[in-house]
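Subject: Structure for your attention

Dear colleague,

I am handing over the structure below, and I would be grateful if you could keep it open while you read the notes that follow.

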Amino acid sequence: GYDCLGWRLPTEAEWVWAARGAVEKNKESYAGGGTINTVAWYIENSKHSTHEVCKKKENELGLCDMSGNVQEWVWDRARAYTSKTVHNPTGGNQGSPRMARGGAWNRFGKNLHLAIRKEYSYAFQSNDIGFRLVRNVQSTD
């Protein structure tokens with residue numbers, strides 16, 4: 001699960017935190033800033049293709065392409081947001097669909113906003129979806 005040691009998909013909350021550059025109050029529309037052309041490949045500038053990573057501006061953590069280029073799978077299964085305060089929610093434990101974040105090269109700019117979530121069957125395949133791995137490490141405490 002998401003609490004395992006080693007490499008895994010990020011939870012949706014972890015993905016958003018990383019995309020916002022670990023700045024909790026960051027209100028930018030896209031990872032790396034508010035100007036889409038400087039941070040993202042999308043339908044207006046992609047020439048209908050993915051692009052080599054990190055050719056657009058990085059965010060505060062030095063992460064590239066979290067807005068645009070390809071959507072990214074996250075650990076979470078689809079679920080509605082709750083009004084309760086929850087730390088790193090992960091959705092249900094079974095079933096489909098799963099969530100993807102970040103938008104892609106073939107989407108309009110409004111679909112790359114950091115608040116946008118998409119749900120797909122876990123078996124969904126497309127040339128506009130990929131993944132980014134995170135790693136849990138064992139505490140030395």
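Over the ring of which residue does the charged end of lysine 56 sit? The ring belongs to tryptophan 41, and the charged end of lysine 56 lies 4.3 Å from its centre. A second contact of this kind involves arginine 98, which is placed over the face of tryptophan 75 at 5.5 Å from the ring centre. Please bear in mind throughout that this is a predicted model.

To set the overall frame, the secondary structure of the protein consists of two helices and six strands, and these follow one another along the sequence in the pattern β-α-α-β-β-β-β-β. Of the 141 residues in the protein, 40% are buried.

Strand β3, which spans residues 98-101, is the element I would look at next, since both of its faces are covered. On one side Arg98 and Ala100 are buried, and on the other side Met99 and Arg101 are buried as well. Strand β2 (residues 71-77) runs antiparallel to β3 and is joined to it by three bridges, with arginine 77 standing opposite arginine 98; that arginine 98 is also the residue found over the face of tryptophan 75. Strand β4 (residues 117-120) likewise runs antiparallel to β3, to which it is joined by four bridges, and here methionine 99 stands opposite glutamate 119.

The loop between β3 and β4 contains glycine 102, which counts as buried because its relative accessible area is 3%, under the 20% limit. Although glycine 102 and lysine 118 are 16 residues apart along the chain, their C-alpha atoms are separated by 9.0 Å.

The aromatic residues deserve a separate paragraph. A search of the whole structure finds two aromatic pairs. In one of them, the rings of tryptophan 73 and tyrosine 120 have their centres 6.2 Å apart and their planes at 80°, and the pair is therefore edge-to-face, the angle being over 60 degrees. This pair links distant parts of the chain, given that tryptophan 73 belongs to strand β2 and tyrosine 120 to strand β4, 47 residues apart. Both tryptophan 73 and tyrosine 120 are buried. Tyrosine 120 also forms an aromatic pair with phenylalanine 124, and this one is stacked, with 4.3 Å from centre to centre and 15° between the planes. Trp73, Tyr120 and Phe124 are thus linked by ring pairs into a cluster.

Is phenylalanine 124 buried or partly exposed? Its relative accessible area is 30%, so phenylalanine 124 is classed as partly exposed, a class that lies between the limits of 20% and 50%. Tyrosine 120, by contrast, has a relative accessible area of 14% and is therefore buried.

Finally, a word on the second largest pocket, which has a volume of about 220 Å³. The residues that line the second largest pocket are Val16, Trp17, Arg20, Val23, Glu24, Lys25, Asn26 and Lys27. Sorted by class, this lining has three nonpolar, one polar and four charged residues.

With best regards

How values were computed: Residues are numbered from 1 along each chain as its sequence is written. This is a predicted model: local features need pLDDT of at least 70, side-chain atom pairs count only at pLDDT 80 or more; totals for chains, interfaces and linings use all residues. Side-chain values use heavy atoms; hydrogens and water are left out. Buried means under 20% relative accessible area, exposed over 50%, partly exposed in between (1.4 Å probe, protein chains only). Two strands pair if DSSP finds at least two bridges between them. On a 1 Å grid over the protein atoms alone, a cavity is a set of points where a 1.4 Å probe fits but cannot get out, and a pocket is an open set with protein on both sides within 12 Å along at least five of seven lines; lining residues have an atom within 4 Å of a point. Grid points are joined across faces, edges and corners, and a volume is the space filled by probe spheres set on the points. Ala, Val, Leu, Ile, Met, Phe, Trp, Tyr, Cys and Pro count as nonpolar, Asp, Glu, Lys and Arg as charged, and the others, Gly among them, as polar. Rings of Phe, Tyr and Trp (its six-membered ring) pair if their centres lie within 6.5 Å; planes under 30 degrees apart count as stacked, over 60 as edge-to-face and the rest as tilted. A charge sits over a ring if NZ of Lys or CZ of Arg is within 6 Å of the ring centre and within 35 degrees of the ring normal.
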